[in-house]
Amino acid sequence: MVQRYQSPVRVYKYPFELVMAAYEKRFPTCPQIPVFLGSEVLRESRSPDGAVHVVERSCRLRVDAPRLLRKIAGVEHVVFVQTNVLNWKERTLLIEAHNETFANRVVVNEHCSYTVHPENEDWTCFEQSASLDIRSFFGFENALEKIAMKQYTANVKRGKEVIEHYLNELISQGTSHIPRWTPAPVREEDARNQAGPRDPGSLEAHRPSSALGPALEAVSMDGDKLDADYIERCLGHLTPMQESCLIQLRHWLQETHKGKIPKDEHILRFLRARDFHLDKAREMLCQSLSWRKQHQVDLLLQTWQPPALLEEFYAGGWHYQDIDGRPLYILRLGQMDTKGLMKAVGEEVLLRHVLSVNEEGQKRCEGSTRQLGRPISSWTCLLDLEGLNMRHLWRPGVKALLRMIEVVEDNYPETLGRLLIVRAPRVFPVLWTLISPFINENTRRKFLIYSGSNYQGPGGLVDYLDREVIPDFLGGESVCNVPEGGLVPKSLYMTEEEQEHSDQLWQWSETYHSASVLRGAPHEVAVEILEGESVITWDFDILRGDVVFSLYHAKKVPRPGAREPGTRASGQLIDKGWVLGRDYSRVEAPLVCREGESIQGSHVTRWPGVYLLQWQMHSPPGSVACSLPGVDDVLTALHSPGPKCKLLYYYEVLASEDFRGSMSSLESCTSGFSQLSAATSSSSSGQSHSSSLVSR
């Protein structure tokens, strides 16, 4: 594979003639570049009027490689041939170099140019490009490629410093101005010689061929070229190879992409997301540009107006900057009714709003860059999780969240500079386990998580936010205007027809199982757990009637027959001959669930075996609830005209090897379902031992 390098335009704020004098001081040796052992002139010629000076040199460079590789290659240095064409009249220096050593195995070509700045004739521009093609090298192709590119970019970085060193040396010696070239009077005899046939060995024969390429044919700075000072000032510090990748990808887009070319900051984000692997970044960026065009994302900020309901209940908004000057976005996810918002406005509207936040974030980064005079390419998010509970683990909501994460990761890479997660409750590890596999590793490294009040004091928010910026609800002094969220009234939910129109009802029914509960005939689901510590999570909606939900543990499968671990058996499973306390045990207290309620909960298993999720019809007041149906109950159920209760349910098992949080952090949720939030206490109707959260 051919490796290529392209430099940005580097500007010396000195006249061309003075820069040329500094350049000549690099020869025949250059102590500032240790690998440059020396050079000798092979050929030299001048035009009759002295305007064009051609020099061909043989340059020796020390091989900076492991001793074994040098021994196998049998060389301690390599030879390059460099041809310089200096045109005093046009004020240009064109340089072409190629390797002579191992020329049949390795092909190195380099092209450089010094030209006058197009907007200031007293400044000089420098550009450099190179290619490396290793065809065969004793089986060390990959090692040699890495060594060569590392050494080359190190010398590129030093090249500008060397010229500046010699410029300063000239000025300190009293040479601060060199007059421009003027043509000498041409004698009549010389003019006749100039008009005659050219000698093949004359000046023309030493001119670089068209292999110098477009970079040397069009040496003036224009809109297609990037200035090194601009990169440093507006995009931040980049290594020579990173600069090269940016320039190559930008140039490729200008040549092939039909439509609006993204800004340099945007291109750079995709390169960073792919660790500056040019081909991977190009593929990712092209897919994103196609997506933006398809969904008209470029017009989003001008066309998007969030619904009034979203403005009231979506608990997120912009709030000043962090300590590094990044725009700060606050999201009070724990106070937000994600399930209610999904049922009221739908997934597509929420996704559109999330995209508008990301578009606004990029716009604010550009504004911060202009305001601060230094590059700000990402923003900070402060995520407050106080109030997060099992309701936020409603499966369609989690699926929607994963989709949003995927869209943002694919199209807004490297826009999040830091994520500050505060007041993470005990239920947070469950949510983290579900979403973390879908978050890029580079993004995860930017997460800082605080539980309880750990965000206060040294090491907390004060390390990342000025004290006057910390919002009041976190104990700071700044009044925060972010909406407080709250439960979305069910009266604002979409109708079934509206849900069907948006395909949401179909998506939700694909996720959930339906079940009917008859009097005396409970619905049960068996989950086999092979190891002690796993997490069972559940989510169900009561569509009709009132039910009692319970969780049991048994040491053996209720019905015979082999079954894969984690698969379910459903219906009525508990054998009528089993005795509670002997054959099976209740591990969670019963929870009465009313019609229209939505229940979410979790349980950390303590023992292997079979766990049974059970829904049975709620007995009227005064009757005694029994875990097993009697003969009369069964007969009543068989003769009932139809099901008395109906529900939709979903459950999932998070195995311990997949659990990325702390199992002990959920411990208080396991013994008798302790409350996860204030809302739980008010809705459990005195049954304080339930970890299921009820939403009315």
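Start your tour by selecting strands S10 and S11 (residues 379-384): they run parallel and are joined by four bridges. Look for Leu-331, whose bridge partner in S11 is Leu-383. Before you go further, keep in mind that you are looking at a predicted model.

**Stop 1: S10 and its other neighbour**

Now add strand S9 (residues 316-321) to your selection. S9 pairs with S10 in the antiparallel sense, over four bridges. Within this pair, Trp-318 stands opposite Tyr-329 of S10. Follow the chain from S9 to S10 and you pass through a hairpin with five residues between the strands, where Gly-325 takes a positive phi near 90°.

Is S10 enclosed, and how many of its residues are buried? Colour residues 327-331 and turn on the surroundings: five of the five residues are buried, so S10 is largely enclosed by the rest of the structure. You can check the two faces in turn. On one side sit Pro-327, Tyr-329 and Leu-331, on the other Leu-328 and Ile-330, and all of them are buried.

**Stop 2: the strands around S8**

Next, select strand S8 (residues 120-134) together with strand S1 (residues 3-6). These two run antiparallel and are joined by four bridges. Zoom in on Tyr-5, which stands opposite Ala-130 in S8.

Keep S8 on screen and add strand S2 (residues 10-12). Three bridges join S2 to S8, again in an antiparallel arrangement. Here the residue to label is Tyr-12, with Thr-124 as its bridge partner in S8.

One more strand completes this stop: S7 (residues 106-117). How many bridges join S7 to S8? There are 12, and the two strands run antiparallel. The chain passes from S7 to S8 through a hairpin of two residues. For a landmark in this pair, find Val-107, which stands opposite Asp-133 in S8.

**Stop 3: a serine in S3**

Select Ser-39, which is found in strand S3 (residues 36-46). Is Ser-39 buried or exposed? Its relative accessibility is 17%, so Ser-39 counts as buried, the cut-off being under 20%. Show the residues around Ser-39: leaving aside those up to four places away in sequence, Ser-39 touches Phe-27, Pro-28, Arg-57, Ser-58 and Cys-59.

**Stop 4: H7 against H8**

Time for some helices. Select H7 (residues 240-256) and H8 (residues 264-273), which pack at an angle of about 115° with their axes 10 Å apart. Their crossing is right-handed. To see what makes the contact, show side chains for Cys-245, Leu-246, Leu-249, Arg-250 and Leu-253 on H7, and for Asp-264, Ile-267, Leu-268 and Leu-271 on H8. Coloured by class, this contact shows seven nonpolar residues, two charged ones and no polar ones.

**Stop 5: H9 against H14**

Move on to H9 (residues 278-295) and H14 (residues 395-411). Their packing angle is about 115° and their axes lie 9 Å apart. Met-284, Ser-288 and Trp-291 of H9 meet Val-407, Glu-409, Asp-410 and Asn-411 of H14. By class, the residues of this contact are three nonpolar, two polar and two charged.

Stay with H14 and select Ala-400, which is found in this helix. At 2% relative accessibility, Ala-400 counts as buried. Leaving out residues up to four places away in sequence, Ala-400 touches Met-342 and Glu-347. You can also draw a C-alpha to C-alpha distance from Ala-400 to Glu-348: they are 9.1 Å apart in space and 52 residues apart in sequence.

**Stop 6: H15 and what covers it**

Select H15 (residues 428-435). Eight of the eight residues of this helix are buried, so H15 is largely enclosed by the rest of the structure. Label them along the helix: Phe-428, Pro-429, Val-430, Leu-431, Trp-432, Thr-433, Leu-434 and Ile-435. What covers these buried residues? The cover includes H14, helix H16 (441-444) and the strands S12 (416-424), S13 (447-451), S16 (535-544) and S22 (645-654).

**Last view: the whole chain**

Zoom out to finish. The chain holds 21 helices and 23 strands, and buried residues make up 50% of its 696 residues. Its accessible surface comes to about 34,200 Å², with 50% belonging to carbon and sulfur atoms. Among contacts between residues at least 6 apart in sequence, 76% join residues at least 24 apart.

Terms used
Residues are numbered from 1 along each chain as its sequence is written. This is a predicted model: local features need pLDDT of at least 70, side-chain atom pairs count only at pLDDT 80 or more; totals for chains, interfaces and linings use all residues. Side-chain values use heavy atoms; hydrogens and water are left out. Axes are lines fitted to C-alpha atoms, for helices over the stretch in contact, and angles run from 0 to 180 degrees between N-to-C directions. A crossing is left-handed if the near helix is turned anticlockwise from the far one by less than a right angle, and right-handed if clockwise. Contact means heavy atoms within 4.5 Å. Ala, Val, Leu, Ile, Met, Phe, Trp, Tyr, Cys and Pro count as nonpolar, Asp, Glu, Lys and Arg as charged, and the others, Gly among them, as polar. Buried means under 20% relative accessible area, exposed over 50%, partly exposed in between (1.4 Å probe, protein chains only). Accessible areas come from the Shrake-Rupley method with a 1.4 Å probe; for residues, only the protein chains shown count as cover. Two strands pair if DSSP finds at least two bridges between them.
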